[in-house]
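Colleague: I have just opened this one and would like a slow walk through it. Could you take me along, a topic at a time?

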Amino acid sequence: MSTFVSDFKSRATEKAGDLRHRQVIRTALRSYEIVRDKRKAAFQSWESARQAAAETKWEAINHLDTHLEALTAKLEARGTKVHWASNGEQAREIIAQILRDKKARCIIKSKAMTSEEIHLNHALEKEGFTVVESDLGEFIVQLRHEPPYHIVFPSMHLTRGEIKELFQKELGDAPSDSPEELTMVARRVMRQKYITADVGFTGANFAIAETGMISITENEGNARLTAALPKTMITLLGIEKVLPRFSDLALFLPMLATAGAGQPMTCYNTMYSGPRQPGECDGPEEWHVVLLDNRRTELLADAEQRDALHCIRCGACLNVCPIFRNVGGHTYGTTYSGPVGSVITPHLRGLQDWKHLSNASSLCGACTEACPVKIDLHHHLLQNRRNASAREPAFFEKLAYQIFGIVANEPLFWSVAKKIGWLTQPLQRAVKASALDPAKAWTKTRDLPPQPRESFKDWWRNRK
Amino acid sequence: MSERENILGRIREALKVAAPLPGSHGDMTVHAATEPPANQAREWLPLVGTSVAEQFELFAKNAADLKADFQLLASRDELEAALLKLRDAEKWRRVASHGGELTDFACKTLGLPVTLTDRGYEVQEMEKCDAGITECDALIAQTGGVALTSRSAGGRALSVLPPHHVVIARREQLVADLPAAFARLQSKYAPDYPSMISFITGPSRTGDIERILVLGAHGPKKLTILCQ
């Protein structure tokens, strides 16, 4: 068993039994569920909107080359420098080189999951740069030296008491455990950082091919400040973020807000089309946009699962997933957790190492139903299972099914097996859940029902 | 070969195999719509009412839900009174703003020292201002938010750095819904867009601590929209 699997299993077992964790997550998601449903109901037709969003993303992804060319041409025409990175290493080097050229010391970041994906902070800190996460949730998990728990709500696993203790220890400032006062502590710390930072770093939610714009969605205003104050701005985005037209945002912005946080619109939705232009009074002098592949093209090559690139990272599938809610975000050990993370991680990091995530699913389909762009998530989990076993069959499992196939296909074998099956049960009970039990993962927490000595067919024939 | 060509090459190679259309369940006979799918967004987004009065009512309700302060004012005199009331209630000592017909009027009315952004400004100085006063491009009834740009609202920082953002708008800037707001921005600016376009829907907020709403996370704690 690879370490990825055993780590996943031990963390999942621990978290699933952690009642406190379950309570925190349940509380955090309860109000989300109410407002999300209310917002969905306010749409004249949420279902039609989903279909249109899915078709729009389909168009974007299935003509990705032309859209990316249009996007970069428009961006470059207004003085933006566009960089292309095939993998994380290249992206880190491009970004580090910009910082070296600018002789930067302090980088202020607004939330970007792509930077988590390429482990950017770690690489930059190793080179001696100071990296400050400005999103409150990201700031909190950065102080704890841990990755975000959830792609949209990074610190949802923590209580106000824990955050107060953290601020006291790390910042020496936490007047009380009121969320209001704790937020103000972070605001004060960050205002100083904004004024001194040399470089601002952002992610992106959408990239508009038609007009050459990067659209950023946020509630706090930290991305707005990041794109306004430092002299240099860097934006890192996955190549799948494109939308064909400016007007597509009229649909995608409210859908992202509704599915992701149950809001009618996120507080700030901002489209950037260049660095500071002639006649403008502020904004960065230089803007670098880094387009990241990092094996997205491998997922693109799988036509069956290509729609997983439609994902707008709203987090709706995480919020409804019974597995995510029980094992928690950190258990996955991936950048993108929950159903969509389980679908795409095997493509981004290797199928055999991450195939266990496809089994961490009840296949209930809640994720597929919640997805605002209609990604067929739970079927993709099944397809990943199929692909993994086709490429590397599990010997004993295959053998067991082959034997079962022979027995079940031959009436004579079947009738004998039916008659003597109960005799083997004491044997099964003797090895139950031990190393000798081939089904121990299942039988560890479950009893096999006793097999009756008489089959239903026999009972039916002999009744009266 | 450059990385750009490598990536585009991999994309073109991958796209040689067609993907099933969404909702087709693998049946390739379904054809994509000839017009952009999102063009009909108006029919699916939340209802907005037909008359301007209804839309102002909806804007007021949505703004209140977002904890923004919206005041629909009948005249310049009322606008003047509203500004003075804000100044006195919050004891403003200095404000930041930009040149514009409505903002010039506001600055004159307030009679306070003003940091104007038009010809550049000191960040430290703007940070100390009690309010940022801007114009905008549109008020959106559907969301209760405003749309503004770096050109219409004095740059990128003015609407987020001071603790109170005051938007001064004209009645004819009200649009019904998001598609109308995008259309208005497009007809006003395309193809030479300002480098920043921002849809501001309520004052800055966060829910990162136990999902409890806190206003004024990084941006302004208060958003006032005065419409004359």
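Modeller: Let me begin with a term: two residues are in contact if their C-beta atoms, placed from the backbone, lie within 7 Å. Among contacts in chain B between residues at least 6 apart in sequence, 67% join residues at least 24 apart. Please keep in mind that this is a predicted model.

Colleague: OK, staying with chain B, how many helices and strands are there?

Modeller: Chain B holds six helices and twelve strands. Its radius of gyration is 22 Å, well over the 17 Å that the globule rule gives for 228 residues, so chain B is more spread out than a compact globule. Along the principal axes, the C-alpha atoms of chain B fill a box of roughly 65 × 50 × 40 Å.

Colleague: And what percentage of chain B counts as buried?

Modeller: Of its 228 residues, 51% count as buried. Strand β4 of chain B, residues 131-134, gives a local example: Ala131(B) and Ile133(B) point one way, Gly132(B) and Thr134(B) point the other way, and all are buried.

Colleague: Which strands does β4(B) pair with?

Modeller: Strand β2 of chain B, residues 95-97, pairs with β4(B) in the parallel sense over three bridges, and β7 of chain B, residues 164-169, also pairs with β4(B) in the parallel sense over three bridges. Gly132(B) takes part in both pairings, since it stands opposite Ala96(B) and has His165(B) as its bridge partner in β7(B).

Colleague: Switching topic, what is the strand order in the open sheet of eight strands?

Modeller: The order is β8(A)-β5(A)-β6(A)-β9(A)-β9(B)-β6(B)-β5(B)-β8(B), and the pairing is mixed. At the edges stand β8 of chain A (242-243) and β8 of chain B (174-175), each with a single partner strand, so one side of each is left without a neighbour in the sheet.

Colleague: How do the two β9 strands run where they join, parallel or antiparallel?

Modeller: They run antiparallel, and five bridges join β9(A) to β9(B). Asn269(A) is a useful residue to follow here, as it stands opposite Phe199(B) in β9(B) and also opposite Thr217(A). The latter pair belongs to the antiparallel pairing of β6 of chain A (residues 213-218) with β9 of chain A (residues 268-272), which extends over five bridges.

Colleague: Which helix lies across the chain B strands of that sheet?

Modeller: That is α6 of chain B, residues 178-189, which lies across β5, β6, β8 and β9 of chain B and runs at about 170 degrees to β5(B).

Colleague: How many residues does each chain bring to the contact between them?

Modeller: The contact takes 71 residues from chain B and 88 residues from chain A. On the chain B side, the elements that give two or more residues are α1, α5, α6, β9 and β10, and α1(B) gives the most, with nine residues. By class, the chain B side divides into 36 nonpolar, 22 polar and 13 charged residues.

Colleague: Last topic: what domains does the assignment give for chain A?

Modeller: The assignment gives domain 1 (1-42 + 305-392), domain 2 (46-294) and domain 3 (401-462). Taken over C-alpha atoms, the centres of domain 1 and domain 2 of chain A are separated by 23 Å, and their contact takes 28 residues from domain 1 and 32 residues from domain 2.

Colleague: What gives the largest share on the domain 1 side?

Modeller: Helix α2(A) does, with nine residues. The side of domain 1 of chain A that touches domain 2 has 15 nonpolar, seven polar and six charged residues.

Definitions and conventions: Residues numbered from 1 in each chain as written. Chains lettered and ligands numbered in written order. Predicted model: local features only at pLDDT ≥ 70, side-chain atom pairs only at ≥ 80, totals over all residues. Pairing = 2+ DSSP bridges. Helix = DSSP H or I, 4+ residues; strand = E, 2+ residues; numbered from the N terminus. Axes fitted to C-alpha atoms, helices over the stretch in contact; angles between N-to-C directions. Domains from an automatic or database assignment. Nonpolar A, V, L, I, M, F, W, Y, C, P; charged D, E, K, R; others polar. Rg over C-alpha atoms; globule rule 2.2 N^0.38 Å. Buried ≥ 20, exposed ≤ 12 C-beta atoms within 10 Å, placed from the backbone.
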